[in-house]
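Hi,

Here is the structure I said I would pass on. Have a look at it first, and my notes follow underneath.

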Amino acid sequence: MINRRQFLYLAGAGAVNLLNVNGSPLAGVGMASSKDKDFIPDLELSLTAAPAEVQISPGELTTVWKYTGQVTKGNPDSLMNSDQSYLGPIIRTRKNRKIRIHFKNNLPAESIIHWHGLHVPAEMDGHPMYVIPSGKTFTYEFEVLNRAGTYWYHPHPHGRTGHQVYGGLAGLFLVSDDEEDKLNLPNKELDIPLVIQDRSFSNTNRLIYLPRGMHDSMTGMLGDTICVNGRPDFTLSVSTRIYRLRILNGSNSRIYKLAWSDGTPLTVIATDGGLLEKPVQKKYVVLGPAERIELWADFSKYPIGTSLELVSKYFEAAMQGTAMGPRRGMTGGDKLPNGAPFPVLKIDVAGEEKETRSLPNKLSSIERYHPRDADNSDNPRQFSFFMRHMRGLINGRTFQMQEVAGDEMIRLNSTELWELSNDDRSMGMMMMPTPHPVHLHGKQFQVVERSGALHRGYVDEGWKDTVLLMPGERAKIVANFTDYPGMFLYHCHILEHGDMGMMRNYLIT
Ligand code: C2O
Ligand code: CU
Ligand code: CU
């Protein structure tokens, strides 16, 4: 099935040459070198990752790993640190801004930052081969080419991504642009980012990761405490206004089936890659790890004193425990399995204010792809995701740092049709069916076809960088691989699956 001779091994200097096609020298490991002499940043930041102590629950402080930042050049409002949380600062910038970011690694481990959803050169994307050791700095330089939207950043060292993100390392990267400005969407205190994550804490408030070892890696880490913006029992106090809620599922592996507790449909205005063409109404939205949605949330119709919840509803997740037998008295997945219902956050309608905005019926224009637009429309690339023998596989292959197979080579500027399938559906003893949210680095794509049970909860109308595949599901996506040649990752965004090798490179030449 797999011909070893088809593999292209990019080793040492060879990789440097291949990745150097656009003329910008590679960042050397640990070197804070300036990469492009002509690069004049509009915004310059420093981001430091280091251990920290935060008060998450009453009692003892929790030791976390945390990004903190500083603006060294440009608009000081471009960065907002949070001392209430383990989350990294929110970075806010605009399309076409040039950004330089100095990442200082003060962790007792190697690390690198990846800009999730951003379209940046391969050597600026935080591929695990660029990890820097403790004490070193990596300098990123890129222009923001993405449309307005809710993007994010997190570490990407191979085999340790799940651990580091769980420890607290993640932050939002919000982009605005002229098109979005014209819509006059709710802004400032009406524009609220909500990062949803699950964590497990010991009775002394320590974070617990993978308490059951390999079993938790196979299902993905599931915590029993839902945190929003790094806080358990999160309550949002609102006035009778319309809000823009930017929701990121920043969890390692948990899937949310989001709905309003009073049955009001969700009004979705954006997905991973920014605004939809027009708002979409959904009874519920199923959001896999790394996916984002933005909601138009109208609280103007509620009387003061109303309290409301954003909940996650029950769904069939092909739960762990079915094939491996029941398990009791342990933290994580058993207390709150994937698919169990729970409240995510509470809304208190507390203030009376006049609302004048109304929902625009057109938000943006998107050039919609059709499978026939792809250069390989008759012959889509097939990528099959499954776990076998405690390893994560894509087309039967596991991650190798600099390995690209024949079917992972892509021509620059080509428009491609990929068919992604979750082939974990057999219920045998060794094979636990599990979801696989598939993510591509480098480019936003469109979902052009889909099969699956949770279909009605997916928002496929806009640009995406992550697509959730439940066991047995498949999706066809179209992407146009422009601008940047080089090696990019694609992988399952259940971070434990990626760490177990369900990750591969694709090479654009
Ligand atoms: Cu957010 Cu490689 O991922
Ligand atoms: Cu990514
Ligand atoms: Cu997976």
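To start with a small one: in which loop is Asn-413 found? Asn-413 sits between β26 (409-410) and β27 (415-422). Before going on, bear in mind that this is a predicted model.

I picked out Asn-413 for its backbone: its phi is positive, about 75°, although the residue is not a glycine. Asn-229 also has a positive phi, of about 50°, and is not a glycine either. You'll find Asn-229 in the loop between β12 (225-228) and β13 (231-232). For context, most residues other than glycine have a negative phi.

Now the metal. The copper ion (ligand 2) is coordinated by NE2 of His-114 and NE2 of His-439, at 1.9 Å. The two histidines come from distant parts of the chain, 325 residues apart: His-114 belongs to strand β7 (residues 113-116) and His-439 to strand β28 (residues 436-440). Are these ligands buried or exposed? His-114 has a relative accessible area of 1%, so it counts as buried, and His-439 is buried too, with 0%.

Next, the pockets. The largest pocket holds about 580 Å³ of space. Its lining is made up of 22 residues, with Arg-92, Arg-94, Ser-176, Glu-180 and Asp-181 nearest the centre. The elements giving two or more residues to that lining are β5 (90-94), β10 (171-176), α3 (178-183) and β15 (242-249). By class, the lining of the largest pocket splits into 11 charged, 6 polar and 5 nonpolar residues.

The second largest pocket has about 360 Å³ of space. It is lined by 19 residues, and those closest to its centre are Met-80, Ser-82, Ser-85, Ile-90 and Asn-229. So Asn-229, with its positive phi, turns up again here. Two or more lining residues of this pocket come from each of β5, β10 and β11 (191-199). The class split for the second largest pocket is 10 nonpolar, 7 polar and 2 charged.

Last, the cysteines. How many disulfides does the structure hold? The count is 0. Cys-227 has 0% relative accessibility and counts as buried, and Cys-492 is likewise buried at 0%.

That's what I have for now. Shout if anything is unclear.

Cheers

Key: Residues numbered from 1 in each chain as written. Chains lettered and ligands numbered in written order. Predicted model: local features only at pLDDT ≥ 70, side-chain atom pairs only at ≥ 80, totals over all residues. Heavy atoms only, no water. Donors = N, O, S within 2.8 Å, 3.2 Å for Na, K, Ca; no water. Helix = DSSP H or I, 4+ residues; strand = E, 2+ residues; numbered from the N terminus. Buried < 20%, exposed > 50% of the residue type's maximum accessible area, 1.4 Å probe, protein only. 1 Å grid on protein atoms, 1.4 Å probe; cavity = no way out; pocket = protein on both sides within 12 Å on 5 of 7 lines; lining within 4 Å. Points joined across faces, edges and corners; volume = space filled by probe spheres on them. Nonpolar A, V, L, I, M, F, W, Y, C, P; charged D, E, K, R; others polar. Disulfide = S-S within 2.5 Å.
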